[in-house]
Amino acid sequence: MKKRVFSGIQPSGIVHIGNYLGAIRNWVDMLDKYDCIFCVVDLHAMTVPYEPKEMPNCIRETLMVNMAAGLDPERCTLFVQSHVPQHTELTWILNTCAPFGDLARMTQFKEKSRQHRENVNCGLFTYPILMAADILLYKSEVVPVGEDQTQHLEFAREICRNFNARFGETFPEPQPKYTRVRRLMGVGGKAKMSKSLNNYIPLLAEPEEFFSLLRTAATDPARVRRSDPGTPEKCNIHTMHLGFSSQEDIAWCEEGCRTAGIGCVDCKKRLAGNMDHSLAPVRERYKKYADQPDYVEDVMREGARQCTEWAEKTMQEVREVTGLR
Ligand code: TRP
């Protein structure tokens, strides 16, 4: 039997190359080796302000871009969190196994409550419990996430241990699988690439957009003039080359940077070409899915049906061991 993998995707609607290199691409590599479930986490998204009218579209968009990026619905299960109500049922039960003190220490909570002072709601606080429910509901063994989720995942493992200790061995303890890629900075070079900071390169950018977004992007600050040599490891453009370029091109840009043999513009032009080339199939698939709304609808419906079946099986066991009958 293949191990079960679970991960969640925020329905932000926009997917950028940071999401692609840091998450989606690693998931694609796992599709055949594991039994993978990917979930668009709309209930998590409600913890910060959003426009309800836009939500259905964001969910669809997110799903389609992820499918286009390689989450082939034939090789994994894709669904929307709120379509499987067992997530919220298990969340309540896990609430009673979740240490309050740990929640209060979550750095993401502290950050987000600073960002959204006008709405510091309890959902923002208990967000990691819903995430633990997502994972445990399918008895997932492996959770591929970025390093920013380390604390949340440790917390899910703790909830899992607490539940098992209190009610008997029910859930396997999920193992994190952190991604290899160094974290990608935004085009400004100072902060992580993110939608909210508007410092991103969209995965579905038009061919000519790549260079125009890269043109002004930050590089190694030591390269003030064309003749100043640089250190590739200090350059965010180099990190992108590692994601999109061939070994030959990577060697060319490293050598050229260290010796000032090439300028940053040359390096960026080569990168833009490589990005365009590697993402052309993603754009193609996206167009195909966008032209088949019924198919996307079917994927969501079938995912919800399958996950409801698995989730209900777990919940029957949970209700049994907790004495809720
Ligand atoms: N919190 C995750 C994020 O911000 C998304 C997520 C929700 C998730 N549920 C999950 C990730 C379960 C892994 C497993 O990206």
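A polar contact is a pair of N or O atoms within 3.5 Å. Keep that cut-off handy for this predicted model.

**Exercise 1.** Work out which side chains make polar contacts with a nitrogen atom of the ligand.

*Solution.*
Step 1: Start with Asp134, where an N or O atom in the side chain sits 2.7 Å from a nitrogen atom of the ligand.
Step 2: Now try Tyr127, whose side chain has an N or O atom 2.7 Å from a ligand nitrogen.
Step 3: Hold both against the cut-off of 3.5 Å. Asp134 passes, and Tyr127 passes too.

**Exercise 2.** Find how much of the ligand the protein covers, and which elements give two or more residues to the shell around the ligand.

*Solution.*
Step 1: On its own, the ligand has 370 Å² of accessible area, and the protein covers 90% of that.
Step 2: Strand E1 (4–9), helix H7 (122–137) and strand E4 (142–145) each give two or more residues to the shell.
Step 3: Helix H7 gives the most, with 4 residues.
Step 4: Sort the shell by class, and you get 7 nonpolar, 5 polar and 1 charged residues.

**Exercise 3.** Decide whether helices H4 and H13 are roughly parallel or roughly antiparallel.

*Solution.*
Step 1: Look up the angle: the axes of H4 (residues 86–95) and H13 (residues 293–322) cross at roughly 25° and come within 10 Å.
Step 2: Angles under 35 degrees count as roughly parallel, so H4 is roughly parallel to H13.
Step 3: Add the handedness: the crossing of these two helices, H4 and H13, is left-handed.

Conventions
Residues are numbered from 1 along each chain as its sequence is written. This is a predicted model: local features need pLDDT of at least 70, side-chain atom pairs count only at pLDDT 80 or more; totals for chains, interfaces and linings use all residues. Side-chain values use heavy atoms; hydrogens and water are left out. A polar contact is a pair of N or O atoms within 3.5 Å; within protein, one must be able to donate a hydrogen and the other to accept it, and residues adjacent in sequence count only if both atoms are side-chain atoms. Accessible areas come from the Shrake-Rupley method with a 1.4 Å probe; for residues, only the protein chains shown count as cover. Ala, Val, Leu, Ile, Met, Phe, Trp, Tyr, Cys and Pro count as nonpolar, Asp, Glu, Lys and Arg as charged, and the others, Gly among them, as polar. Axes are lines fitted to C-alpha atoms, for helices over the stretch in contact, and angles run from 0 to 180 degrees between N-to-C directions. Angles under 35 degrees count as roughly parallel, over 145 as roughly antiparallel, 65 to 115 as roughly perpendicular and the rest as oblique. A crossing is left-handed if the near helix is turned anticlockwise from the far one by less than a right angle, and right-handed if clockwise.
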